[in-house]
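User: I am a first-year student, and I would like to go through a structure slowly, one question at a time. Could we begin once it is shown?

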Amino acid sequence: MNLEFGRVTLFVLFMLIPIVGIALGVRAPALRSRLPLLVAFFAGTIPILAMYIPKNFLSGPQGMSSRLDQWLIIVAGFALLLGIVNVIQNGMRKVSRRESGWPFSVVLLTGLFVTGALGIYGAVSHQGIGFLPDGRSTPFKWIQDSMFLPLQATIFSLLAFFMASAAFRAFRARNLEATILLIAGGLVMAGRVPLLDLLAAPFPALHASAAAGTQTLGKLTEWIMDTPNGAAQSGIIIGAALGAASMAIRVILGIERGYLGLGGGE
Amino acid sequence: MRNGVLSRASARLPRFAAPLLASLLFLHPQTAVAIAPEVAPPPSPQIPAATLFTAKDRPGDSGGAVLLTWKDPPGLGPDARLEIRRAEPPSFEWTPLQLVKPGEERYVDESAKDGSVYRYEIRVVPQGATAQPDSLAAAPATGPPLVTEPVTSHDDWFRVDRTNSLIASILFLIILLASISVAKSGKHIFIRRIAGLNAVDEAIGRATEIGKKVMYIPGIQSMDEIQTIASIAILGHVARSTARYGTDLDVPNKDPLTFVSAREAVRGAYLAEGRPDLYREEMVNYVTYDQFAYTAAVSARMVRERPAAIFLIGYFFAESLILAEMGQSTGAIQIAGQADPTQLPFFIATCDYTLIGEELYAASAYLSREPVLLGSTRAQDIAKGILIVLGLLGIVVTSLGLSWFPDLFKTK
């Protein structure tokens, strides 16, 4: 058995202490509610220590910090099972009670069970979920390629239309700020596409002027993006970083407990 | 030049001496002598040698690396190369490691194993030719070799290059704890009005009046993202309000861990408000792990169920605009919040209120008015004030030509 220091420490912090805490918490509910705070403290402190202490047991590839990241994936795997159970429960309830939109739940549950069954069959039969030995797609892959990916692309492509409608609303010059936004937005859009070149295309005499104008617009666009826009973004990022650090300390010290369903703070 | 002398002396040793010296080197690394190359191109007296060649464990790392430094000989042409070779246990034969261009004067051997004793050799190879130890006759002439003392790599206790970050973190922690202590003493702490957070009750009140649900979308990231944690804390406050007013709440989730945490937060909020009877498991529901399938499902739910208020608070990517525009088209009052500036323009263009950057993290304190949380928000403002002063100082100092000042704040 590999009893290296980091591994043993993780076992004590995240296995022994919680189990002992749960056992003691049977008689003391207050202790039971504090146990997650203790786990959060350890889970938050270890990566911070790993930032400054380069010892292998802490921040090496098989150190405590890396192992915690791996554990997150394992925990998320179990949580995903809870999610699937929740989807099935909600879908079944809607169908059985004939709630509004229940036919959609029938489609959802059919898709879930059929795709899941084909995936499990691929794993059990050692066929995999990619291609058959003769080069054809497995049914699982066919569903993914022919149904899932086109639907996914359809939703993503909506973005182009929504961007236009959002820009139309944002660029209405209702006040001074909106007017500045409109002008800056117009300049950036014009600088990112060869607009002048396109307009001057039928007039050969204007080609040189259009090329120079496009270059100037491009430089202006870069200036708008790098200087005023970059400065504003830096301000937001610095403020957000301080906020994130403050939030992290609050979580580690157990001051912020809302994410555990234990109320805002004490 | 001691190392070079050592190397040239050992080169004259008979072949059978190599294993013996190897064992000596392994047992007594501080006193061992370098092992000469078994076969090496002849050093040319015309080709200069590098100087001050040293090898040491790279400071402040997790091990597995040896730092080599040297000074290039004067008059080295741009086509010349410096060949670094390494002698390693158990055979202690020289093996080529790297050809380095003139001017670099630094190389990190990241293939070293912790605890193993190594020696390194450097020599000038003119016109970029590689010295081939196994083909003596064909090998070009090289400069005289220079050999380091034995060295081992190991992991260290402190990352020296992050000292500035550690000092800043400790200072921020002190400011935070001091601010919380002041807040606990009962002193009034002023926090500027945040329109987006004042509108939370207004949005829930409107949903209550209309008799429609409140939809809360906590982003699509997991609980390892601090914005998601902040979002779940805000969800707790929103859930308390919906419990108080008896308004329906819908929290669709993309990430399974966020789903579990959101469920605990909402359940806790309904219990805290003394309305566990109003809490239903399906209020916090899981949708799917796929980004656009989630977007499609939530958008469809918005269109079908027409929630009166929509909260989009957390970490969003490309789906931000699709969700916000869909919500806008249903006529719902929308409050968004994200700390990352990439999606903020979309929220600002489409939502009624937007929590920008740090406002997201201050929301929990602002809504709860807990003194301890307000104290931490005060600490953020103090730290921001210090950063503004340092920024202005940096502008002045750098304008005066003192380039060391920005270097103080660089981290690795």
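User: What percentage of the area that chain B exposes do carbon and sulfur atoms supply?

Analyst: This is a predicted model, in which local features need pLDDT of at least 70 and side-chain atom pairs count only at pLDDT 80 or more, while totals for chains, interfaces and linings use all residues. Residues are numbered from 1 along each chain as its sequence is written, chains are lettered from A and ligands numbered from 1 in the order in which they are written, and side-chain values use heavy atoms, with hydrogens and water left out. Chain B exposes about 18,200 Å² (by the Shrake-Rupley method with a 1.4 Å probe), and the share that carbon and sulfur atoms supply is 59%.

User: How much of chain B counts as buried?

Analyst: Buried means under 20% relative accessible area, exposed over 50%, and partly exposed in between, with a 1.4 Å probe and protein chains only. Chain B has 412 residues, and the part of them that counts as buried is 52%.

User: Which residue in β11(B) stands opposite Tyr216(B)?

Analyst: Strand β8 (residues 214–217) of chain B has Val214(B) and Tyr216(B) pointing one way and Met215(B) and Ile217(B) the other way, and all are buried; strands here are DSSP runs of E with at least two residues, and helices are runs of H or I with at least four, numbered from the N terminus. β8(B) pairs with β11(B) in the parallel sense over four bridges, where pairing requires that DSSP finds at least two bridges between two strands. In β11(B), the residue opposite Tyr216(B) is Phe311(B).

User: Which residue of β9(B) is the bridge partner of Val214(B)?

Analyst: β8(B) also pairs in the parallel sense with strand β9 (residues 249–253) of chain B, over two bridges. Between these strands, helix α5 (residues 226–245) completes a right-handed β-α-β unit, meaning that, with the strands pointing away from the viewer, the path from the first strand over the helix to the second runs clockwise. The bridge partner of Val214(B) in β9(B) is Leu249(B).

User: What is the phi of Leu52(B)?

Analyst: Most residues other than glycine have a negative phi. Leu52(B) lies in strand β1 (residues 51–57) of chain B and is exposed, with a relative accessible area of 62%. Although Leu52(B) is not a glycine, its phi is positive, at about 50°.

User: Where is Arg306(B) found?

Analyst: Arg306(B), a residue other than glycine, has a positive phi near 45° and is partly exposed, with a relative accessible area of 36%. Its place in chain B is the loop between α7 (291–305) and β11 (309–313).
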